[in-house]
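Look through the sequence and the model below before reading on. The notes that follow are grouped by topic.

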Amino acid sequence: MSITVSNASADDASSLAEVRALLQAVDLPFDGVAAHFSHFLLAREDGKLLGSVGLEIYDDVALLRSLAVAPTQQKTGLGKLLTEKILQ
């Protein structure tokens, strides 16, 4: 088993719902996620969402947001991996 990180698709309602559930599980807000979902990365293993991170882009600056890792995967380096990938 290996974790894959891929770009979210703005029209993927199923993934958006999964991110909503993940953010709720780790007590982070969901407000505004849909508007910026095309700038999100999703980490999955065997199809299961394990983490997310996104950017809110405004002209020439961006806000890193919604960095979330499933409780079972915390302290594994997944958050660091997602942060590094979104900043590339």
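What covers the buried residues of α1? The cover includes α2, β2, β3 and β4. The model is a predicted one. The points below begin with the helices, continue with a strand pair and a buried glutamate, and end with positive phi angles.

**Helix α1**

- Helix α1 has 13 residues, and its first and last C-alpha atoms lie 18 Å apart, close to the 18 Å expected at 1.5 Å a residue.
- Ser15, Leu16, Val19, Leu22 and Leu23 are the buried residues of α1. Viewed down the helix axis, the buried residues of α1 fall within an arc of 120°, so they line one face of the helix.
- A general rule helps in reading such a pattern: an α-helix has 3.6 residues a turn, so residues three or four places apart point the same way.
- Ala13 and Gln24 sit on the other side of α1 and are exposed.
- The N-terminal end of α1 is capped by Asp12, which has a side-chain oxygen 3.3 Å from the backbone nitrogen of Ser14.

**Helix α3**

- Helix α3 covers residues 78–86, and within it Leu78, Gly79, Leu82 and Ile86 are buried.
- Why do the buried residues of α3 line one face of the helix? Seen down the axis of α3, they fall within an arc of 100°, so one face holds them.
- These buried residues of α3 pack against four strands, namely β1 (4–7), β2, β3 and β4 (61–69).

**Strands β3 and β4**

- Strands β3 and β4 run antiparallel and are joined by seven bridges.
- The two strands form a hairpin that has two residues between them.
- One of the bridges can be followed by residue: Glu56 has Leu63 in β4 as its bridge partner.

**Glu56, a residue of β3**

- Is Glu56, which lies in strand β3, buried or exposed? The relative accessible area of Glu56 is 10%, and the cut-off for buried is under 20%, so Glu56 is buried.
- The side chain of Glu56 makes a polar contact of 2.4 Å with the side chain of Tyr58.
- The side chain of Glu56 is also joined to that of Arg65, by a polar contact of 2.6 Å.
- With neighbours within four places in sequence left aside, Glu56 is in contact with His36, Val61, Ala62, Leu63 and Arg65.

**Positive phi angles**

- Asp27 comes just after α1 and takes a positive phi of about 60°. Asp27 is a residue other than glycine, and its place is in the loop between α1 (13–25) and α2 (33–36).
- The relative accessible area of Asp27 is 70%, and exposed means over 50%, so Asp27 is exposed.
- Where does Asp46 lie? Asp46 is found in the loop between β2 (40–45) and β3 (48–58).
- Asp46 is not a glycine, yet its phi is positive, at about 50°. The relative accessible area of Asp46 is 62%, so Asp46 counts as exposed.
- In the turn of the hairpin formed by β3 and β4, Asp59 has a positive phi of about 50°.

Terms used:
Residues numbered from 1 in each chain as written. Predicted model: local features only at pLDDT ≥ 70, side-chain atom pairs only at ≥ 80, totals over all residues. Heavy atoms only, no water. Buried < 20%, exposed > 50% of the residue type's maximum accessible area, 1.4 Å probe, protein only. Arc of directions from axis to C-beta. Contact = heavy atoms within 4.5 Å. Polar contact = N/O pair within 3.5 Å; in protein donor to acceptor, adjacent residues only side chain to side chain. Expected span 1.5 Å × (residues − 1). Pairing = 2+ DSSP bridges.
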